[in-house]
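I wanted to look up how aromatic rings pair, where charges sit over rings, and which backbone angles call for a second look. My notes are kept in the order in which I checked things.

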Amino acid sequence: MRYFSQLFASLSPQIKQYLVITGNYWAFTLTDGALRMLVVLYFHQLGYSPLNIAILFLFYEIFGVITNLVGGWLGARLGLNKTMNIGLGIQIVALAMLTVPAEQLTIIYVMMAQALSGIAKDLNKMSAKSSIKLLVSDDAQSKLYQWVAILTGSKNALKGVGFFLGGLLLTLFDFRGAIIIMLVLLSLVWLYSIYALKQGLGKAKNKPKFKDLVSKSPAINILSAARLFLFGARDVWFVVALPVFLAVTFNWDHWWVGGFMACWVICYGIVQSVAPHFTGKKQGRTPTGKTALIWASFLAIIPAVIALALHFDYQIKFAIIAGLFIFGAIFAINSSLHSYLIVSFADSDGVSLDVGFYYMANAMGRLLGTVLSGWVYQHYGLEMCLWISTLFIITAAMLSTKLPK
């Protein structure tokens, strides 16, 4: 322990802050992933339909849209350290709400708790992503891309661990016991974060007005629209349709569903972390709009192939499992590219305004995908979810043609 304390003390202030921000983000992500899997599996176990399960996350996504827009403005005015810690505090409140007796967990009540969790998640994410811009000089774009990729990839790998943790906790404990365990651990992280994060990080020199919430940059507007369709394409089959399909069609229990989804997200996160090696770093290049177009075009093929396998009833289990991992790898590279491009395009003074606007579009994509995931799966099945995913990715690719080359 003393060795690690001495090692941490010897690091530069920028690296120390990067580690604190990343650790904060990791802790939050574990509880967020576990909570999502707990809610999906627990309420499916109670007999809720796929559409009703999707509705449980409706406020989570709606408030995520609002939070990213307003949160960027708050981050520029108050400082990113404050918005990050506020996000952790709100997540603690959301978890505490879910510790009530099972009979009080009505749809409306859980939706309200999920609304708080959505606010917390996007405050935390916007603050973490924006902070990285301020820790790297403008002439170190390759380093910026690498740091963003590591932060984003490690976050998604831990979200996968969170999925696994959610399935495991529901197997070992009841729903309430699992929530209490996460509540205690996250509270300890929150107290340390309040102590360790640099005061005033990311506070804009010129106080932004509320009208500055909407981005005036064409590149950021186009990238935000592409992000909306990219994440809608993922969540339209991943959020509700896939876990329910695995449980019903493959007859997998909570442990298997949670473990499989966890493995997928962990691999997805690992690929995100090393994405710079696939997109030009070896040649000394950083990504451009053309890079985003190429990788989106590759991605569109995968859900179409899986949908065809379902349509012709050909090797369905292999097609879904193998196809999902291939989709995850290529999607991870697309996501990492986008995460770098927004941080690169953003203005350093009040960076959270541009990043917040962009992640508002990201949240709108998740909202659209989540609602469609429940509704389309319930009425038309997983195959139609996959065709909609393909259409969304093609739209994202077409938008990417307008990005700076």
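The entries below go through ring pairs, then charges over rings, then two loop residues.

Entry 1, ring pairs. I kept in mind that this is a predicted model, and I began with a search of the whole structure, which returned 22 aromatic pairs. The pair I opened first was Phe57 with Tyr60, where the ring centres are 6.4 Å apart and the planes stand at 90°, so I noted the pair as edge-to-face. The distance of 6.4 Å falls within the 6.5 Å cut-off for the centres, and an angle over 60 degrees is what edge-to-face requires. I then looked up accessibility for both partners: Phe57 has a relative accessible area of 1% and is buried, and Tyr60, at 2%, counts as buried too.

I turned next to Trp264 and Tyr268, whose ring centres lie 5.2 Å apart with planes at 10°, so this pair is stacked. I asked myself where these two residues lie along the chain. They belong to helix α11, which covers residues 254-273, and being four residues apart they are separated by about one helical turn. Trp264 is buried at 2% relative accessibility, and Tyr268 is likewise buried, with a relative accessible area of 2%.

Entry 2, a cluster. Which residues do ring pairs link together with Trp264 and Tyr268? I found that the cluster also takes in Phe163, Phe231, Trp237, Phe238, Phe327 and Phe331.

Entry 3, charges over rings. I went back to Phe57, the buried partner in the edge-to-face pair, and saw that the charged end of Arg36 sits over its ring, 4.4 Å from the centre. I also recorded Lys317, which lies over the face of Phe250 at 5.0 Å from the ring centre.

Entry 4, positive phi. I noted Asn251, which is not a glycine and yet has a positive phi of about 60°. Asn251 is placed in the loop between α10 (241-248) and α11, and its relative accessible area of 66% makes it exposed. I made a similar note for Asp313, again not a glycine, with a positive phi of about 55°. Is Asp313 buried or exposed? With a relative accessible area of 59%, Asp313 is exposed, and I located it in the loop between α12 (289-311) and α13 (316-345).

Note on methods
Residues numbered from 1 in each chain as written. Predicted model: local features only at pLDDT ≥ 70, side-chain atom pairs only at ≥ 80, totals over all residues. Heavy atoms only, no water. Phe/Tyr/Trp six-rings, centres within 6.5 Å; stacked < 30°, edge-to-face > 60°. Buried < 20%, exposed > 50% of the residue type's maximum accessible area, 1.4 Å probe, protein only. Lys NZ or Arg CZ within 6 Å of the ring centre and 35° of its normal.
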